[in-house]
Amino acid sequence: MSLDETKSNSESRPRPPYMKPTDITDPNFFHKVVDCQWACPAHTPVPEYIRMIAQRRYTDAYMVNWESNVFPGVLGRTCDRPCEPACRRGRIEDKPVAICRLKRVAADYRGDIEHLMPEIAPKNGKRIVCIGGGPASLTVARDLAPLGYHVVIYDRDASGGGMMRSQIPAFRLPEAVLDDEVERILKFGIETRFNQNVDSLKSVLEEDFDAVFVGTGAPRGRDLNIPGREEVGGNFHIGIDWLMSVAFGHTSKIGKRVIVLGGGNTAMDCCRTSKRLGGTDVKVIVRSPFETMKASPWEIEDAQSEDVDILNNHVPLEFVLKNGKLVGMKFDKVAPVFDESGRRKLVSTGEEPLFFPCDDVLCAIGQENHYPWIERDIGLEFGEWDMPVVDETTFRSTHPKVFFGGDAAFGPENIIWAVQHGHQAAISIHQMCEDIDLNDRPAPNVTLVSQKMGMHEWSYHNDISNDQRYLVPHADKTKALGNIKLEVELGFDEKLAYDEAMRCLNCDVQTVFEHSICIECDACVDICPVDCINFTMNGEEADVRQALRVPALDLDQDLYVSEILPTGRVMIKDEDVCLHCGLCAERCPTAAWDMQQHLHNEARAKHQELARWG
Amino acid sequence: MTYIAKPKFHHPKLPLNDLGLTRRDYEGAMSTLCAGCGHDSVSAAIVEACFELNLPAHRVAKMSGIGCSSKTPTYFLSKSHGFNSVHGRMPSVATGANLANNSLKYIGVSGDGDTASIGFGQFAHAVRRQVDMLYVVENNGTYGLTKGQFSATNDRVSVGRKGQKNAFGAIDLAAMAIQLGASFVARSFSGDKDQLVPLMKAALSHKGFAFIDVISPCVTFNNHIGSTKSFEFVRDHEHTVTGVDYVPHRETITVDYEEGSVIDVTLHDQSRVRLRKLDTGYDLSDQAGALQHIMSHQAKGEVVTGLLYLDAGETELKEKMDMVAAPLNSLGVAELRPGMAALEKINAGLR
């Protein structure tokens, strides 16, 4: 600082606008530091339950999940895992913590939870109907039934679960796991109207419900209109319909040579199911380059390990028939070309069309919403792409009593998004029934509590594990391919679960800085293993980011800025790769740094018993 | 101190030096000093300086005596040689090591007790002989390891933690080094790495005895109001005579300085110390002037920091003794034991 003081050129002096001191009372600041929780649509407190798993508190870990994402057993196997690419561990070494697999551990090893279920309040006289029995509707039911609402669920199938049941093959999600988590909700006194297709919203509204929740998903698989489609007949199947037919036992065979069209997770489920129903030569043929396929990387890996070929950059041209029977398909080889605006176009390479022989074609090129059953004269407005107009915060349509959620609201997403939509719609429905403005959303429950237990003792394990990500064991391949119900992933055992859990950096245990007692001794700067702490002159954010010990170039990661210190400098911490090891707090002679757990529980439709969890 | 080892993970974008190493590769074992000890910052500055100078750690020898300061060589450059000697005897050991193998860089780390009390005589002769080394004193004015008695560098006016008065005046080690003939003398502050790191880089590039007196507050026993070796006091009373930048010899000058505002001094290895003169009329090569400057500011209660004295032309011990240039440990039996004939010749010369 003596040099700073004496530099004569004014360039070294900060110019306004300086960065403002960080307001850590804003719950979003520390929430954002917990990358996994921030990325999770339902904002599940991930580090909290991972610590519980390490302590073998599986039931507690399950309940943290159950409160937040309703289907821990299902999601622990099938979640799209937005948390994992966000995981901080992935930025300091190769791979993120196997969060999803740990969630499954909580479900696999939990004890009895009956006594932990919310008490069901006496009926409040309000009646809610959910159309569709999938994750969004079940979440609405789970949140509202304990408050005393009478909830009715319609589904066209014989049991609840929706797409979780009809589209996710049993070798990825055993029926018993799904049944357990669906039944648990139905036991809250839900009136089920299964095996009933709703073909008129108007008639449902006439039954005088207090609110209608539409959670019908995106039930229509996209068709492929190319030459030969009309004539191809019974050897062409829409992927999601075919998977449903397999799930319900209507289909148990497929030809030896199968072409699966599409590059998403449905395509992966189709090809792996084909391998189990007699397909020996199964090819996934996708228009786009391999790298931009929509399927999750782990699902692609699993398909490939089951000897499914994936051919990219092939656009289907026509179905080839011989004597009225499908014998194969022709494809045009393409290459991605980017225009000036960066938009991608798939341009033909001009090669001869390629022919691939096949016996069956499964078409998994996308899903669509379809609302023939909603009358257009009931005050429910439809907008672009013939989708209902739905408020993104309240999930209310333009009809005051009708709410949408899950894939039904804004098009195909995934289970965890459906759950979050369900939570939000439940809040809206509850507030509507209580005459509270729907836009007045309840605040999350946030606490920030010191974890200091002694001079150098913390209530969390701050000694970072150096282990690499553990692979989850798989069932023997021959056995797995021979039995469509045999779950492929075996899940972590307790030892593997512990070791994997220890890789978690506890990003919810925050470094909290109290400027008024800092003596600027630099001890924290010296000890920080990842150079995220700086004492420097304040300035404009872009300049400050460049001037740090290691420039903070990831703009998605915030800087933690202190009030001005006695030397005129400020403390600036780049949150990007902080290990949350607590060494800054251990080295601090004045306890200006403290490690405090930021526990963030999303708001739910309010209920005493549920409030215990959030 | 901390109880867990520093995690091995480092920032993925941490820069590499010419040897392909990160700053983290120059660290040592986990420090067991008190949390916030200035000495840990001095260790960090040594790490930073060695990293930036691209020094291969295995060509460095760390020498120390006894005391909190003398524990610190364990906490930096874990791949270097080291010798933890008897209390106050580091200068002798360093002198011997230096004569045996002058191809290593020697970093001596000592404290105010180790240097200004028990090892004072040893220190004086290492300076006088121009042993080629960087000698760092981590000066906190207190005997920390024996629970906070005044050391010989504690200022007369500086009171103890419980208000005890200090009966004796202080030894100013920087002034002493200048007087004894050190060719590179600086003073700095553990809380100011912007100043300390360039000084260390220059000192490590200097040939001869380079001395840095680093005021390094003891957070446990000497960081209270009334102490003149506290973080707060030093910050408030620091007076920098010369701003120092270190310019490696390969680097060309890119910044335009106003004419006359900077002086470059070329060191032995062709790197340069760039001095931004802050006190007009201050002459770095004037021993008497430097001493007077230190003392006049001291009288005003100020702590003079920066590069205080530099004689880049001075020779070091081995040259002074006209010794063979090669390290002694690289010589073979034939050179080291010239045999009876040579002995006879020497004996004959004495008759």
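The dialogue below goes through the chain contact, two sheets and the salt bridges of a predicted model.

Reader: What should I know about the numbering and the model before I begin?

Author: Residues are numbered from 1 along each chain as its sequence is written, while chains are lettered from A and ligands numbered from 1 in the order in which they are written. The model is predicted, with local features needing pLDDT of at least 70, side-chain atom pairs counting only at pLDDT 80 or more, and totals for chains, interfaces and linings using all residues, and side-chain values use heavy atoms, with hydrogens and water left out.

Reader: How many residues does the contact take from chain A and from chain B?

Author: Contact means heavy atoms within 4.5 Å. Here 39 residues come from chain A and 37 residues from chain B. Buried area is the accessible area (1.4 Å probe) that two parts lose on being put together, summed over both, and for chain A and chain B this is about 3,300 Å², with 58% of it on carbon and sulfur atoms.

Reader: How many salt bridges are there between chain A and chain B?

Author: A salt bridge is a side-chain nitrogen of Lys or Arg within 4 Å of a carboxyl oxygen of Asp or Glu. The count between chain A and chain B is 4, and one salt bridge joins Asp522(A) to Lys193(B), with the closest N and O atoms 3.1 Å apart.

Reader: Which element gives the largest share of the side of chain A that touches chain B?

Author: Helices (H or I, at least four residues) and strands (E, at least two) are DSSP runs, numbered from the N terminus. The elements giving two or more residues to that side are helices H1 (2–6), H8 (89–92), H22 (523–527) and H24 (583–587) of chain A, and the largest share, 4 residues, comes from H1(A).

Reader: In what order do the strands of the 5-strand sheet stand?

Author: Two strands pair if DSSP finds at least two bridges between them. The open sheet of 5 strands in chain A has the order S3-S2-S1-S4-S16, with parallel pairing, and its edge strands are S3 (191–194) and S16 (402–404), each of which pairs on one side only. Strand S2 (residues 150–155) of chain A runs parallel to S3(A) and is joined to S3(A) by 4 bridges, and Tyr154(A) stands opposite Arg193(A) in S3(A).

Reader: Which strands form the sheet with antiparallel pairing?

Author: In chain A, 3 strands form an open sheet in the order S17-S24-S20. Strand S17 (445–450) and strand S20 (509–513) of chain A stand at the edges with a single partner strand each, so one side of each is left without a neighbour in the sheet. S17(A) and strand S24 (residues 593–601) of chain A pair over 6 bridges, and Asn445(A) has Asn601(A) in S24(A) as its bridge partner.

Reader: Why does the salt bridge of Glu114(A) and Lys187(A) tie together parts that are apart in sequence?

Author: Over all chains the structure holds 62 salt bridges, among them that of Glu114(A) and Lys187(A), at 3.6 Å from N to O. Glu114(A) lies in the loop between helix H9 (99–109) and S1 of chain A, and Lys187(A) in the loop between helix H12 (175–186) and S3 of chain A, so the pair ties together parts that are 73 residues apart in sequence.
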